[in-house]
Amino acid sequence: MLPGTSVLLAAALFACPFFAKDDYYTRPVTRSAVDARSPQYVQSMIDAGNTGGFWIAAVPVEFVNVAGPRTPKRFVRPKVTYHHFDVAYPWDPGFKIEPLSDAHAIVVESRTCDLYETYETTYENGVLSAYSGWHWSLRRPFSPLPAGTPSAMASGLSLYAGMVRFEEVASGSIDHALNWGAPAGTAATRNFVRPASDTDGLAFKGLSRYALPYGAHLRLRASFDTSRFGPQSKIIAQAMKTYGIYLADTGGRGNALYNAAALDGSNHWNASDLAALDAIHISDFEVLTLGPVGSVR
């Protein structure tokens, strides 16, 4: 990718918000109330096996594809009958799909600031297919999905809106909440709170009645010391203090945050800097006041 092209793409993305101001992803939570059962929710995760630190990939596998008004649109072929895609997605044959099993695909239309996300994505013989996904306008408030509906994430949250982009770290701040994937089995099996809409249905490994629901909003304690963190990890940790993290999914490796490859195609992430995030544990967080708890079958 030509350097000038990456600059234009970055400028186009920065012109798009992460949904409305003071919305789910963009509202500062430094003064938000803590849930009365926060200690129990945190302890339930620890008892279920969440004892490791946080991490983020030093070599990102997620990509943000930027579409323009001339990018062709294709209807997505659903891989299962119980999920559907009600709009055509902009898709260029050169767009990138996550190479791991989740096969996420993210597309932002730079002119309209429309966001398109898919899970288990394939593009073969001119056909775009996916297991699940969703479409939002980044210029409007985040609209939670109907109960029992996933997006590209098990929770129904937006992968892109809670992702760390290198370009924003390079600018000096992350101005939105982050998504977080907890170790499998340490979250509620079927319970969620808004803005989430679904779960991955994996059995909770603990015994507590306070299994943390998907969509729970947590805040890194203001007192957590980041003085020895490098510039990249310090910016990420500050976002966790200012905007918090959403329980968006679960996985097989620790407490995962999500980041995207830089638009210029180079890897600017510093592995030794990012390794500092391993010092952050679930016990360093407070659970913010939870809304009504929904459940899925």
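Start by selecting Pro195, which sits in the loop between β13 and β14; helices (H or I, at least four residues) and strands (E, at least two) are DSSP runs, numbered from the N terminus. Look at the bond that leads into this proline: the peptide bond from Arg194 to Pro195 is cis, with omega near 20 degrees. Keep in mind that this is a predicted model, where local features need pLDDT of at least 70, side-chain atom pairs count only at pLDDT 80 or more, and totals for chains, interfaces and linings use all residues. Residues are numbered from 1 along each chain as its sequence is written, and side-chain values use heavy atoms, with hydrogens and water left out.

Next, select Ser197. It belongs to the loop between β13 (191–192) and β14 (217–220). Is Ser197 buried or exposed? Ser197 has a relative accessible area of 0%, so it counts as buried (buried means under 20% relative accessible area, exposed over 50%, partly exposed in between, with a 1.4 Å probe and protein chains only). Now show its neighbours, where a contact means heavy atoms within 4.5 Å. Leaving aside residues up to four places away in sequence, Ser197 touches Leu145, Pro146, Ala147, Gly148, Thr149, Ser155, Gly156, Phe192 and Val296.

The next stop is a disulfide, that is, a pair of cysteine sulfur atoms within 2.5 Å. By this rule the model has one disulfide. Select Cys16 and Cys113 to see the bond, with an S to S distance of 2.0 Å. The pair ties together distant parts of the chain: Cys16 is in the loop between α1 and α2, Cys113 in the loop between β6 and β7, and they are 97 residues apart. The torsion about the S-S bond of Cys16 and Cys113 is about -85 degrees, so the disulfide is left-handed. Cys16 counts as buried at 4% relative accessibility, and Cys113 is buried too, with a relative accessible area of 1%.

Stay on Cys113 and check its backbone. This residue lies in the loop between β6 (105–109) and β7 (114–119), and has a positive phi of about 60 degrees although it is not a glycine.

Then move to Asp22, in the loop between α1 (3–14) and α2 (38–47). Asp22 also has a positive phi of about 60 degrees without being a glycine. At 42% relative accessibility, Asp22 counts as partly exposed.

Finally, zoom out to the whole protein chain, with its five helices and 19 strands. Its radius of gyration (taken over C-alpha atoms) is 18 Å, close to the 19 Å that the globule rule gives for 297 residues, so the chain is as compact as a globular protein of that length. That rule is 2.2 Å times the number of residues to the power 0.38. Along its principal axes, the C-alpha trace spans about 50 × 45 × 30 Å. Of the 297 residues, 56% count as buried. Among contacts between residues at least 6 apart in sequence, 73% join residues at least 24 apart. Switch on a surface to finish: the chain exposes about 13200 Å², and carbon and sulfur atoms supply 52% of it (areas come from the Shrake-Rupley method with a 1.4 Å probe; for residues, only the protein chains shown count as cover).
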